[in-house]
Each structure stands twice: as C-alpha cells, then as structure tokens.
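Hi,

Here is the structure I promised to pass on to you. Please have a look at it first, and then read on for what turned up when I went through it.

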Amino acid sequence: MDRMRGRNAGSRFALFRKGARRIREGLEQIVFPEGAVCLGCGKISDGHALCPVCRAELENGELLESWNQEDIAGVPAWSIRPHRGLARKLVLTLKHGTERRAAAELTGMLRSRPDYFPSFPPDTVVTWVPMPKRRQRERGIDHGRLLAEGVAKELGLTCQALLLRMGGGRPQARLNMAGREQNLQNAFAPAEKIAFPVLLVDDVLTTGTTARRCIEALRAAGAKEITFLAMTRALGDG
Ligand SMILES: [Zn+2]
C-alpha cells in the first residue's frame, strides 16, 4: 500500500516538474518571444535568430582561428570557432537555456565550411555526447542532440544516439584535469555495434577528456572511422 502511494507521489512529482517546466518555458516565450529578439545582442530582430550585425560577426569574425583541426585519441577533432565572442555566447545560450535557435545558428556555420573540411561517406552516422540523465530531465532538452541533428541536416547525414550516459554526473567545468578523468571513468557506453563511420558532435572542446572517453566507447563498439566536431574550442579554462 505504502509502496503504491510512493509510486503515485513519484509520478505526481514528475508531472509537477513537467508542468513547472512548461510554465517556465511559457514565461520565457512572453518575455523573450521566440524569433523576436537577437540571440547575440538582445535587440528586437526581424524574426531571425540573429540580427544582420550579429550574423556578420558570426560569419566573418575570428576566421583566422576557425575550422581548427587537431588530434584526440588518434581521431581528427575539428572545431568551428574559438570559444569567444558570439560563438561562445551561442554555446552558453544553448547549454544553459532552452533556446533551440542557438543550435541552428551554430550548426548553420557549416554552410560556409572551407574546402579542406572533410566530406563524409553517405553511411556516416552523426551522434552526440549525451549529458547526464538527471540534467537531461531537468532541462527537458539534450543540447548535444540538437547540435547533432543540426549537423546531420547540414551535411545530409543521418543522426542517431550511439552513446549511453552511465555516470559522470558532476559538471566537468568545475573539475581539474585529474577530477575530469575520474568523473568520466566509464561514463559512456555504446548503444549498439558500430560498423559505419561516425561523426561525434559536442558543443565545446576544452581539455578533450570527454571526447576521448566517447571515442573509446565508440571504438569498443567496433567504430573504425571516427571524426569529432565541436562548435567551439576553449583554451585553458575557456
Ligand atoms: Zn544582434
């Protein structure tokens, strides 16, 4: 009997939490009606996520350090922009808010990718670094998934969840290097066997610990061709 009541209370709480999220999102819609305010400068825009000035900044700013390629665990790891200015603002908006338009603006940068950016075989599957389940429930949105879906759309590829989040619940940004390594020990597991090329997407590349753990999990599932793509690259504490 008590057990039944406990379960009902649990589901009521889940309902309450869902309701609270809807109300919060509703309020955000009233204060910041989607499509009316520029995500960069906050000025009223003409229905686009960025006003013309901010769009020009995103498209033309920081180009010298854009489209950077490095090596993480033997995998080509790309980042589109340095973690500064408007690109950084969009990543933070996406990470800490419910603003889906930020994901579309970030992945839209792929439209102006340079010739040296790789092209992917058509059977490549785009996937993402899953966030801890608790945070996913709190936010009701997995921003990594939004980015992966956007990247897949821009590149004409399919998008699929290939990684499961097992642990590593502490926010990486608050930990030092050793803490990060420990926090993410066995944090990711593959969802299935992988016999196709994989493009792994994340918002920001900082120390590369998260990417490395995900690459290891993908390799354990059989993935041979892996590419990593982050929207921004942070140096130091970013
Ligand atoms: Zn603007």
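To start with the overall make-up, the protein has eight helices and eight strands. Please keep in mind that this is a predicted model. Of its 238 residues, 32% count as buried. As for contacts between residues at least 6 apart in sequence, 71% of them join residues at least 24 apart.

Now to the strands, beginning with strand 3, which covers residues 125-128. Val125 and Thr127 point one way from this strand, Val126 and Trp128 point the other way, and all of them are buried. Strand 3 pairs with strand 4 (residues 158-159) in the parallel sense, over two bridges. Here Val125 has Thr158 of strand 4 as its bridge partner. Strand 3 also runs parallel to strand 7 (residues 198-205), and four bridges join the two. In that pairing, Thr127 is matched with Leu200 of strand 7. If you would like a place to begin in the viewer, Val125 with Thr158 and Thr127 with Leu200 will take you to these two pairings.

The other thing I looked at was helix packing, with helix 4 as the common element. Two packed helices are described by the angle between their axes and the distance between the axes.

Take helix 3 (residues 85-96) first: helix 3 and helix 4 pack at an angle of about 140°, and their axes are 8 Å apart. Their crossing is left-handed. On the helix 3 side the contact involves Leu90, Val91, Thr93 and Leu94, which meet Ala102, Ala103, Glu105 and Leu106 of helix 4. By class, these residues divide into six nonpolar, one polar and one charged.

Then there is helix 6 (residues 143-155), whose axis comes within 9 Å of that of helix 4 (residues 101-108), with a crossing of roughly 40°. That angle makes helix 4 oblique to helix 6. The crossing of this pair is right-handed. Helix 4 contributes Ala103, Ala104, Leu106 and Thr107 to the contact, while helix 6 brings His143, Leu146, Leu147, Gly150, Val151 and Glu154. This contact of helix 4 with helix 6 has six nonpolar, three polar and one charged residues.

One detail you may enjoy checking on screen concerns Ala103 and Leu106 of helix 4: both take part in the contact with helix 3, and both are also listed in the contact with helix 6.

I'd be glad to hear what you make of it.

Best wishes

Technical notes. Residues numbered from 1 in each chain as written. Predicted model: local features only at pLDDT ≥ 70, side-chain atom pairs only at ≥ 80, totals over all residues. Axes fitted to C-alpha atoms, helices over the stretch in contact; angles between N-to-C directions. Parallel < 35°, antiparallel > 145°, perpendicular 65-115°, else oblique. Left-handed = near helix turned anticlockwise from the far one by under 90°. Contact = placed C-beta atoms within 7 Å. Nonpolar A, V, L, I, M, F, W, Y, C, P; charged D, E, K, R; others polar. Buried ≥ 20, exposed ≤ 12 C-beta atoms within 10 Å, placed from the backbone. Pairing = 2+ DSSP bridges.
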